[in-house]
Amino acid sequence: MADAVVVGAGPNGLVAANVLADAGWSVEVLEEQDEPGGAVRSDRGVDPDFVSDVFSAFYPMAAASPVLHALELEKEGLRWSHAPCALAHPLPDGRCAVLDRDPDVTAGSVDSFAAGDGAAWHEWYALWQRVGGSLLDSLFTPFPPLRAGARLAARLRASGGLDFARMMLLPARRLAEEQFAGEGGRLLLAGNALHTDLAPESAGGGAFGWLMSMLGQEFGFPVPVGGAGALSTALAGRLERHGGTVRCGERVADVVVRSGRAVAVRTASGEEVPARRAVLAAVPAPLLYGSMLRPADLPAGLLRRLLRFQWDFSTFKVDWALDGPVPWTARPATRAGTLHLADGVDDLTRFAAQLATRHVPDRPFALFGQMTTADPSRSPAGTESAWAYTHVPQTVAGDAGADGITGGWDERERNAMADRIERHVERCAPGFRALVRARRILAPPTLQARDAALQGGAINGGTTALHQQLLFRPVPGLGRPETPVRGLFLASASAHPGGAVHGAPGANAARAALALPPVSALLSRAQRGLAAG
């Protein structure tokens, strides 16, 4: 019998298992898919000569994460690679805003849109250098972050704490307009905010856009050499080297609760896998509480609150094998690993409004990845392994475009949406479609089929909006990894601090489990109490 059973071998599950193994626990990880990694996997499914990242691809949060740094994955063979430029936002008229790891290059780019904006960018980066480390420590520890929060508060007292608090609450549009006179800096901020489901007008969107921008400035948008799967291979290999095991092809159907404590999990085949000390569930909160536990094991109020849980938008992704580099009109875009494609902040607002009214956008804001530019090992010289994704509604009420997409995502609708994205790319890169050797379409149902954590194609484990963050994540009153079931911990992106690949939910759940007294200690206390009585 293992000390702990971890459900799900995505990055959070593997991080949790590693933290427990480092503490001397025996750990068994069960994974539904036939390989570990969750949404951090790569394959050669588009073309045999091309490595494609199936889900996530660029990892600024991983590069900044103290959780992953502590695991020293470089000892497991993990290596990182950078594109010459972290991020670019090309416009159809040939202008281009760039986020480069050299802050002078970034400042020069935004200054080309409006004189003085370069100095404004340097001002922001100076603020980040003062508070960024303490801010990250606060984000990546359980809520409330007492020690890290105290350090952050001390730094903010010298940097204008109330002004910073206001800044963190502003929508991306308002924050960008206050800081920049031109469109370049505004595009970088608002585009980075839309890596989540935060519209330019969403409260708190400015904070996320600023965080992503500053992470890109300091750490870049790095990729694992050889494909995203190299990160998962390193995590799984480290776990096994420390005595843990990963069993793939094992779907967990239920968490077994006896006398109010999680004591095992039951697989879809009926096998009961016991856990001596804890069960850690790296699965979405609605799946854990709504499907894997009996209602009798949970407070009725929790199930009612869970009905208000909000998923983030669905994701629609296309992978390409290209016969040549993307022919961007804006030359700086050729050097970027990650690109944002939208005509301006107003276009981002239009896109977000269509999503809010449950319409498939007619001009989809696209995140575009040039993987060979970032890591030359991904495809033969002179070619490009590329992808793009956009968001679509979880439930489709209509199509803002002319293709009549209903959200059924049959072959016709998948191809229509992929063609729509390709036409959008062509506006900034005429001739792009002529370079397509092969493509793969990953619609929301396909993403969920390949990783059950991506419910409806949602990639962040629930909305990033303020009403479902911190002590409200996943629902009010459950802002920590502990659940109402003793010995059961939530270790997924549905827990604080949420989505992206940084491992914090898994590490937080593992530390909470380590702090729980073992059953033997509880029995000993009970026996002493009986003896005293």
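# Loops, proline bonds and cysteines

Colleague: In this predicted model, L470 lies in the loop between α17 and β20; what is the relative accessibility of L470, and is it buried, partly exposed or exposed?

Modeller: The class between buried and exposed runs from 20% to 50% relative accessible area. L470 falls into that class and therefore counts as partly exposed, its relative accessibility being 37%.

Colleague: And near what value is phi of L470?

Modeller: L470 is a residue other than glycine, and yet its phi is positive. The angle is near 55 degrees.

Colleague: Which residues does Q468 touch, leaving aside those up to four places away in sequence?

Modeller: Q468 is also placed in the loop between α17 and β20. With a relative accessibility of 2%, Q468 is under the 20% limit and so counts as buried. Beyond four places in sequence, its contacts are R308, F309, Q310, G462, T463, R473 and P474.

Colleague: Near what omega is the peptide bond from R473 to P474?

Modeller: P474 sits in the loop between α17 (444-450) and β20 (488-490), and both R473 and P474 are among the residues that Q468 touches. The bond that joins R473 to P474 is cis, and its omega is near 5 degrees.

Colleague: Which residue does a cis peptide bond join to P497?

Modeller: P497 is found in the loop between β20 and α18 (504-515). The cis bond there has an omega of about 5 degrees, and the partner that it joins to P497 is H496.

Colleague: Is S259 buried or exposed?

Modeller: S259 belongs to the loop between β10 (252-258) and β11 (261-267), and although S259 is not a glycine, its phi is positive, at about 55 degrees. Its relative accessibility is 84%, which is over the 50% limit, so S259 counts as exposed.

Colleague: How many disulfides does the structure hold?

Modeller: A disulfide would need a pair of cysteine sulfur atoms within 2.5 Å. For C96, the nearest cysteine sulfur is that of C85, 7.4 Å away, and C96 is in no disulfide. For C428, the nearest is that of C96, 8.8 Å away, and C428 is likewise in no disulfide. For the structure, the number of disulfides is zero.

Colleague: Are C96 and C428 buried or exposed?

Modeller: The limit for a buried residue is under 20% relative accessible area. C96 has a relative accessible area of 11% and is therefore buried. C428, at 6% relative accessibility, also counts as buried.

Technical notes
Residues numbered from 1 in each chain as written. Predicted model: local features only at pLDDT ≥ 70, side-chain atom pairs only at ≥ 80, totals over all residues. Heavy atoms only, no water. Buried < 20%, exposed > 50% of the residue type's maximum accessible area, 1.4 Å probe, protein only. Helix = DSSP H or I, 4+ residues; strand = E, 2+ residues; numbered from the N terminus. Contact = heavy atoms within 4.5 Å.
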